[in-house]
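Thank you all for coming; I would like to walk you through one structure this morning, slowly and part by part. Please keep the picture in view while I talk.

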Amino acid sequence: MRIGLLTDGGYPYATGESRLWCDRLVRGLAQHEFDVYALSRSAQQEDHGWIQLPPQVQRVRTAPLWAPEDDGHTYGRRERRRFVAHFKELATAVCTEGQGQGEGFADALYGLAELARERGGLYAALRSELAVRVLESACRAPGTRRTVHAATVPDYLAFVDQLERALRPLSLDWYGADCLGAVDLCHAASGGSAALPGLLAKRFFGVPLLVTEYGVQLRAHYLAARDGELTAPVRALLAAFQGRLAAEVYRQASVITPGNTHARRWQEKCGADRAKLRTVYPGMEVDRFAAVGESVGEAAGEGDGSSDPHTLVWVGRIEPAKDLIALLHAFAEVRKEEPQARLRLFGAPVQGPEARTYLAHCKALAAQLFPDEAADAHAVGDNPVSFEEIGGPEAPELADAYASGGVVVLSSVVEGFPISLVEAMFCGRATVSTDVGAVVEVIGGTGLVVPPRNPRALAEACLALLRDPERRERLGAAARARALELFTIEQNLTAFRGIYLELISHSPVQREAVNADGEPLPFARPAEAYVPCHWSGGGTASGARTPRWADRPRLVGALTTAKEARA
């Protein structure tokens, strides 16, 4: 089977959110061929290069979303009329509320795609004065959103700039019979712009589309739009566009695989059909945490010199969404009850001015709440809170960070799929978490969960586990068993292997088979290839499932024999 893997800002680049699970998917399904179609997000990402690709990756096509991509084409009068008609329909759908605009948005999107495929020139047209005038007319029309109605010319210019980048996949040369037209299935690693090539492959060639979202793209756009760089009308226009695009992606996808129930609820709110939704948890490496996880009893504080049962551990990226401020205040309450308690914060190297400012603020608060303490007048003072980097001398490996304490804490106010919690579960650690994102779904009763932004509740839960080593060990063992059942790479690969085969059985791409001279080949495909069917549960050594129609020749033969016997 030939898979078109569609990514945005990730695989095959060495940086990006989807690179790890995509690489595991490609390497784990070695019986299939993969063509990768990747959108890059920055010059820095391209400078870092690609990861090493396995041999089953047959082709890689890339396109930047961050740099101007003018093909040099401009439209004549006829093409301008076509562009105005389609862009006006798209702008009206974006500016107007109501579900009835969904079909208009889809018609406009595919109309622009066909125009770009035939004539090019979409880059210049979307950034033209004509596009701005059409957008202004749509924003000022009766019935538009109140926030959009207040937009000004700078807002129109900012929006069309963002819109051109989002629609840039429409202008790519990926839609030939030898490119996306040659694959059996398109698998989009996220929604949004990454899924656009999949929409067009289905539109032009009938290729089925599978969409996987471990973090909902629309939610990410909503959160990113709150950074204050864009005005309210531009944020409203972008949110409306992304909402319309998400609804069309979900409508056209044959199967949608959210990474957790939290993502699933977002997809349902955006119009995804429940019958298409199948939760597939992300697969994570177990081996790197095996040594720590297999010594759960010792890790709970029963004689393991590397683990301190009085230590709370936090692991993650240091950023405001993790709410380390609340964690520090909670630990202040813990110290009042348990003077021996310590808090170790392990983070990846800080990047960006916002993260550095937040880290400095957290360190200043820790110094204020916990002045250096000394056992007596001759001892050196020590702070019970430490900020450490993963890979440092105290924690050269990620597993060492989790092994250093008895309880792992997550204090986030915003979270998608909590990877650090799953890692702690693999290590057999009891956890205390805030009720955000998919935390409750991941924990499943094997840890304590408290409301976010509630330092007192967080402190009480931490104290409950610090004071009860047997409960810590019991919860840690249950957490490890749950993680091994649900969150391994093997379960992830098994799920996608079955989905791939099912989609091909239900929606095979009908292509004319030809010989070396380009002449049609009659009977090139067996009749069974055109029979829609369900797949039985019986497996093979390679993990592939046997279709039910494989037993039909024997059944037909048996019926024929029975008829002859009656005759």
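Which residue just after H18 takes a positive phi? That residue is Gly428, with a phi of about 70 degrees. Before I go on, I should say that this is a predicted model, in which local features need pLDDT of at least 70 and side-chain atom pairs count only at pLDDT 80 or more, while totals for chains, interfaces and linings use all residues. Residues are numbered from 1 along each chain as its sequence is written, and side-chain values use heavy atoms, with hydrogens and water left out.

When I say helix or strand, I mean a DSSP run, H or I of at least four residues for a helix and E of at least two for a strand, numbered from the N terminus.

Let me stay with helix H18, residues 419-426. H18 is mostly covered, since seven of its eight residues are buried, where buried means under 20% relative accessible area, exposed means over 50%, and partly exposed lies in between, using a 1.4 Å probe and protein chains only. The buried residues include Ser420, Glu423 and Phe426.

H18 packs against H21 at an angle of about 115 degrees, and their axes are 7 Å apart; here axes are lines fitted to C-alpha atoms, for helices over the stretch in contact, and angles run from 0 to 180 degrees between N-to-C directions. H18 and H21 are therefore roughly perpendicular to each other, as angles of 65 to 115 degrees count as roughly perpendicular, under 35 as roughly parallel, over 145 as roughly antiparallel, and the rest as oblique. On the H18 side the contact, meaning heavy atoms within 4.5 Å, is made by Val422, Met425 and Phe426, and on the H21 side the residues include Ala479 and Leu484. The residues of this contact divide into six nonpolar, no polar and two charged.

Now to the sheet beside H21. Six strands make an open sheet in the order S9-S8-S7-S10-S11-S12, and the pairing is parallel; two strands pair if DSSP finds at least two bridges between them. At the edges are strand S9 (385-389) and strand S12 (448-450), each pairing on one side only. Neighbouring strands of this sheet are turned against each other by 25 degrees on average, direction ignored. Helix H21 (residues 469-486) packs on this sheet, touching S7, S10, S11 and S12, and its direction makes about 80 degrees with that of S11. Within the sheet, S7 and S8 pair in the parallel sense over six bridges, and Thr311 has Arg342 in S8 as its bridge partner.

There is another open sheet of six strands, in the order S3-S2-S1-S4-S5-S6, also with parallel pairing. Its edge strands are S3 (57-64) and S6 (255-258), and its twist averages 15 degrees from one strand to the next. Three bridges join S4 to S5, and His187 stands opposite Leu210 in S5. Helix H12 (residues 261-269) lies across S5 and S6, running at about 140 degrees to S6.

Helices H3 (residues 77-95) and H4 (residues 102-119) have axes that come within 8 Å and cross at roughly 150 degrees, and that makes H3 roughly antiparallel to H4.

Finally, is Gly143, in the loop between H6 and H7, buried or exposed? Gly143 is exposed, with a relative accessible area of 58%, and, leaving aside its neighbours within four places in sequence, Gly143 is in contact with Thr96 and Glu97.

Terms used: Nonpolar A, V, L, I, M, F, W, Y, C, P; charged D, E, K, R; others polar.
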